[in-house]
Amino acid sequence: MTKEAIIAAVRQQIREQFSGEGTGHDYFHIERVVRNALRIAGTEPGADLFLVALAAWVHDLGDYKLHGGVDRSEALITTLLGSLNIPQDTIAKVVEIVSQVSFSKGKTAESLEAKIVQDADRLDALGAIGIARVFAFGGSRHRELYNPDDPEQTSIQHFYDKLLTLKDKMNTSLARTIAGERHRYLEAFLQQFYAEWNGEES
Ligand code: ADP
Ligand code: NI
């Protein structure tokens, strides 16, 4: 199989498994991460584009949030890529990259490919799409949008816990630039949100 054919087959499998997912981990999240990862990789000399594409396609395959709190990344990635006769050492590299990507696992991305996929995944938590995903995820967990008396468990709190911290955590130069713009969009959104909430629009 050519690399193109392998990527097409992986994409097809992911499309079948993730279509209609409603918590922000849907197929199109993954497609955006692949697109941005390849875009970033194009600005980073030395990045292995095949590894970047494979890791981006499978990065949420075993996510613990989708599997009752258990991370099944290694097993599911190995099964999927193994069924396409991809060499074991390539599969091991993809598993390693994916293990370094997740925000919630708090791991550091060591390889250039992991840095790139991590940036692309984090970019999708920012900007207009990031805002949409926060409330989709929050809704799936029956979270309130916001509660000024008890903000801790609300979707707005997630902006402070995660989203607003991301722009300073980007690994690559292009992602830092895009994250800066998306960060300003989040700040403007919050300002407008509170103004509407408090009846203080000018
Ligand atoms: P990713 O798949 O992009 O690595 P996560 O799995 O951590 O990110 O989260 C998926 C999406 O859900 C992200 O857009 C994130 O901002 C959002 N999200 C994660 N945790 C919360 C939360 N506690 N409240 C609201 N949104 C959340
Ligand atoms: Ni993701």
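I began with a definition: a residue is called buried under 20% relative accessible area, exposed over 50%, and partly exposed in between. I noted as well that this is a predicted model.

**Entry 1: Lys167 and Asp168**

I applied the definition to Lys167, which has a relative accessibility of 28% and therefore counts as partly exposed. Asp168 stands at 62%, so I entered Asp168 as exposed. I then looked at how the two side chains meet, and found that Asp168 forms a salt bridge with Lys167, with 3.2 Å between the closest N and O atoms. I also recorded a network in which salt bridges that share partners join Arg11, Glu31 and Arg35.

**Entry 2: Salt bridges around Asp124**

How many salt bridges does a search of the whole structure find? I noted that the search gives five. I turned to the one between Asp124 and Arg32, whose side chains meet at 2.7 Å, N to O. This pair links distant parts of the chain: Asp124 is in the loop between α6 and α7, while Arg32 is in helix α2 (residues 27-41), 92 residues apart. I checked the exposure of both partners and found Asp124 and Arg32 buried.

Asp124 also forms a salt bridge with Arg133, and there the closest N and O atoms are 3.7 Å apart. I looked up the accessible areas of this pair too. Asp124 has a relative accessible area of 3% and is therefore buried. Arg133, with a relative accessible area of 16%, is likewise buried.

**Entry 3: The nickel ion**

Which residues coordinate the nickel ion (ligand 2)? I listed His29 (NE2), His59 (NE2), Asp60 (OD) and Asp121 (OD), at 2.1 to 2.4 Å. I wrote the spacing of these donor residues in sequence as H-x29-H-D-x60-D. I then placed two of the donors, His59 and Asp121, which link distant parts of the chain. His59 belongs to the loop between α3 (49-58) and α4 (73-82), and Asp121 to helix α6 (residues 112-123), 62 residues apart.

Are His59 and Asp121 buried or exposed? I found His59 buried, because its relative accessible area is 6%. Asp121 has 16% relative accessibility, so Asp121 also counts as buried.

**Entry 4: Aromatic rings**

I reminded myself that a pair of aromatic rings is described by the distance of the centres and the angle of the planes. I recorded a count of 11 aromatic pairs. For Phe135 and Phe159 I noted ring centres 6.1 Å apart and planes at 45°, so this pair is tilted. Phe135 lies in helix α7 (residues 127-140) and Phe159 in helix α8 (residues 155-161), so the pair ties together parts that are 24 residues apart in sequence. Phe159 has a relative accessibility of 0% and therefore counts as buried.

Next I took Phe193 and Trp197, whose ring centres lie 5.7 Å apart with planes at 25°, so this pair is stacked. Both residues lie in helix α9 (residues 173-197), four residues apart, about one turn of the helix. I compared their exposure: Phe193 is buried, with a relative accessible area of 13%, whereas Trp197 is partly exposed, with 40%.

Finally, I traced how ring pairs connect. They link Phe135, Tyr146, Phe159, Phe189, Phe193, Tyr194 and Trp197 into a cluster. I noted that both pairs described above have their residues in this list, namely Phe135 with Phe159 and Phe193 with Trp197.

Note on methods: Residues are numbered from 1 along each chain as its sequence is written. Chains are lettered from A and ligands numbered from 1 in the order in which they are written. This is a predicted model: local features need pLDDT of at least 70, side-chain atom pairs count only at pLDDT 80 or more; totals for chains, interfaces and linings use all residues. Side-chain values use heavy atoms; hydrogens and water are left out. Donors are N, O and S atoms within 2.8 Å of the metal (3.2 Å for Na, K and Ca); water is not among the atoms, so sites may look incomplete. Buried means under 20% relative accessible area, exposed over 50%, partly exposed in between (1.4 Å probe, protein chains only). Rings of Phe, Tyr and Trp (its six-membered ring) pair if their centres lie within 6.5 Å; planes under 30 degrees apart count as stacked, over 60 as edge-to-face and the rest as tilted. A salt bridge is a side-chain nitrogen of Lys or Arg within 4 Å of a carboxyl oxygen of Asp or Glu.
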